[in-house]
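Me: Please take a close look at one single part of this model. Start with the whole chain, then go down to one residue and its surroundings.

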Amino acid sequence: MPAAYAFAHLHGRSPHPDVIEYLERIQATLDPFHGRFLIHGGTLEVVEGEWPGSVVLIEFPGGMADAREWYASPAYQDILALRTDHIEGDVVLVEGVGPGYDPLERAAKLRAADPGGYRR
């Protein structure tokens with residue numbers, strides 16, 4: 001089973017005491033689901049397009065079920081407004097690819113689904 005990720009694009013950050021409390025409490029909400037931060041702010045370099053804001057990426061090795069359960073958990077829901085009341089953003093849960101993923105296989109499936117539309 002591939003890991004899943006909570007990916008957040010946050011902007012309009014506000015240095016508010018509630019945000020500090022959110023940061024102090026979030027890891028405890030992740031621990032039961034083995035969630036861990038892979039990216040949390042940090043320096044980013046935009047190489048295509050525009051990207052106002054920062055990035056957060058949290059990994060859930062157990063997959064989408066764990067990511068969904070974490071987000072819906074009473075512990076996380078209890079602190080969520082501490083962030084959302086002061087920071088705008090978009091958050092998605094996304095399933096990762098498993099070991100050995102090969103983009104050539106995806107290309108072949110796309111060609112097979114619409115052989116005339118993807119020909120060179």
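Reply: **From the whole chain to one loop residue**

Residues 24 or more positions apart make up 74% of the protein's contacts with a separation of 6 or more. Contact here means heavy atoms within 4.5 Å.

The model is predicted: local features need pLDDT of at least 70, side-chain atom pairs count only at pLDDT 80 or more, and totals for chains, interfaces and linings use all residues. Numbering starts from 1 along each chain as its sequence is written, and side-chain values use heavy atoms, with hydrogens and water left out.

The protein has 4 helices and 4 strands. Their order along the sequence is β-α-β-β-α-α-β-α. Both are DSSP runs numbered from the N terminus: H or I over at least four residues for helices, E over at least two for strands.

Now the overall form. The radius of gyration is 18 Å, against near 14 Å for a compact globule of 120 residues. That radius is taken over C-alpha atoms, and the globule rule is 2.2 Å times the number of residues to the power 0.38. Along the principal axes, the C-alpha atoms fill a box of roughly 55 × 35 × 20 Å. Of the 120 residues, 29% count as buried. The cut-offs are under 20% relative accessible area for buried, over 50% for exposed, and partly exposed in between (1.4 Å probe, protein chains only).

UniProt lists residues 4-97 as "domain: DUF1330", in an unreviewed entry. Positions follow the numbering used here, feature names are shortened, and such annotations may be inferred rather than shown by experiment. Over residues 4-97, the chain is 36% helix and 30% strand. The end C-alpha atoms of this stretch lie 9 Å apart.

The part to look at is His34. His34 sits in the loop between α1 (17-30) and β2 (36-40). Is His34 buried or exposed? His34 counts as exposed because its relative accessibility is 58%. Beyond residues up to four places away in sequence, His34 touches Glu59 and Pro61. Phe60 is 26 residues from His34 in sequence, yet the two are 6.1 Å apart in space, C-alpha to C-alpha.

Follow the contact to Glu59. Glu59 belongs to strand β3 (residues 54-60). With a relative accessible area of 13%, Glu59 is buried. Which residues does Glu59 contact, leaving aside neighbours within four places in sequence? They are Ala3, Ala4, Tyr5, His34, Gly35, Arg36 and Leu38. So the contact pairs an exposed His34 with a buried Glu59.
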